[in-house]
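Trainee: I should be grateful for a close look at a single part of this model, taken slowly and with its surroundings. Please choose one element and build the picture outward from there.

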Amino acid sequence: QGHHGGLLLLHQVFLLPGPQVEPQHLRRHQRDQAHAGRTPLRAQEGAPLVLQRVQAQSATVVFSGYHLSAPASAFGHVFLRLNRSVESGRGRTLELLDHAVDYSADVDDSHSVVYAIKGLLGLYSGRFHSLPYYYKVREYNDFESRDLWEYDLALSPEQMALLQTHLWEVGWGAAPYYYLSGNCAYHILTLLDVLAPRWRASATLGWPVLPVNAVKRVQALPD
């Protein structure tokens, strides 16, 4: 989950135009962004303008398959896609231009053993990041041959507005990233807790917290 470089900070993508990068330069761009895109930006525009820029009408939970050659992805990964259309169905022409939002660690090394130790002890900082969805498709599907499963959320317009403004708010902060607890699955579900506390999306996860368990919780949510 946490080692994927190049994820832009939520405010940078929500408030500023994203870069256009050719496929062959994606990896180099990711390495550059790992250094250039990790500093929180000062607020240039308020939360109401975020709604105008993102214009998300619905949200989808996306699960990427297991990638055993990378310790950070051994259990898969889960993130959100903010859809500009109410119907997120496959075949939408502009689906790849929707925003992907995930929670991942700011990793400053590539040694798998070091990553495992730091991840288990919470020695990395975790943040919400965002980037165009086509980056995630390239990274997971094209480069790593991992399947992507999508689960649409039944959210009202009011909940969608709350989701986007809440993401804008928490995008400024960081928290210790724990590989088996305070990870992508846990923090995506806590977003749903904000939207509908009665769902208790993160309340019964147990330990360890795995991305596949987050998907099961999403599938069990009431309509």
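Mentor: Let us begin with the salt bridges, since they lead to the part I have chosen, strand 3; the structure, which is a predicted model, holds seven salt bridges. One of them joins the side chains of Glu95 and Arg81, with a nitrogen-to-oxygen distance of 3.7 Å. Glu95 belongs to the loop between strand 3 (77-83) and strand 4 (99-106), while Arg81 sits in strand 3 itself, so this pair ties together parts that are 14 residues apart in sequence.

Arg81 has a second partner: Glu150 forms a salt bridge with Arg81, and the closest N and O atoms are 2.9 Å apart. This pair links distant parts of the chain, with Glu150 in strand 6 (residues 148-153) and Arg81 in strand 3, 69 residues apart.

How buried are the residues of these two bridges? Arg81 has a relative accessible area of 0% and is buried. Glu95 has 10% relative accessibility, and because buried means under 20%, Glu95 counts as buried as well. Glu150 is likewise buried.

A further salt bridge, between Asp108 and Lys118, offers a useful contrast in setting; its N-to-O distance is 3.7 Å. Asp108 lies in the loop between strand 4 and helix 4 (112-121) and Lys118 in helix 4, with their positions 10 residues apart in sequence. Here Asp108 counts as exposed at 61% relative accessibility, and Lys118 counts as partly exposed at 25%. Returning to Arg81, salt bridges that share partners join Arg81, Glu95, Asp98 and Glu150 into one network.

The strand that carries Arg81 deserves the same attention. Seven of the seven residues of strand 3 are buried, so the strand is largely enclosed by the rest of the structure. In a regular strand the side chains alternate between the two faces of the sheet. In strand 3, His77, Phe79, Arg81 and Asn83 are on one side, Val78, Leu80 and Leu82 are on the other, and both faces are covered.

Next come the neighbours of strand 3 in the sheet. Strand 2 (residues 58-64) runs antiparallel to strand 3 and is joined to it by seven bridges. Within that pairing, Val62 stands opposite Phe79. Strand 4 also runs antiparallel to strand 3, the two being joined by three bridges. In this second pairing, Leu82 stands opposite His99 of strand 4.

Strand 6, which holds Glu150, also contains Tyr151. Tyr151 and Phe63 are 88 residues apart in sequence, yet their C-alpha atoms are 8.3 Å apart in space. Leaving aside residues up to four places away in sequence, Tyr151 touches Thr60, Val61, Phe63, Val215, Val218 and Gln219.

Two backbone details elsewhere complete the account. Both Pro208 and Arg200 are found in the loop between helix 7 (184-195) and helix 8 (211-219). A cis peptide bond joins Trp207 and Pro208, with omega at about 0°. Arg200 is not a glycine, but has a positive phi of about 50°. With a relative accessible area of 51%, Arg200 is exposed, whereas Arg81, at 0%, is buried.

Key: Residues are numbered from 1 along each chain as its sequence is written. This is a predicted model: local features need pLDDT of at least 70, side-chain atom pairs count only at pLDDT 80 or more; totals for chains, interfaces and linings use all residues. Side-chain values use heavy atoms; hydrogens and water are left out. A salt bridge is a side-chain nitrogen of Lys or Arg within 4 Å of a carboxyl oxygen of Asp or Glu. Helices (H or I, at least four residues) and strands (E, at least two) are DSSP runs, numbered from the N terminus. Buried means under 20% relative accessible area, exposed over 50%, partly exposed in between (1.4 Å probe, protein chains only). Contact means heavy atoms within 4.5 Å. Two strands pair if DSSP finds at least two bridges between them.
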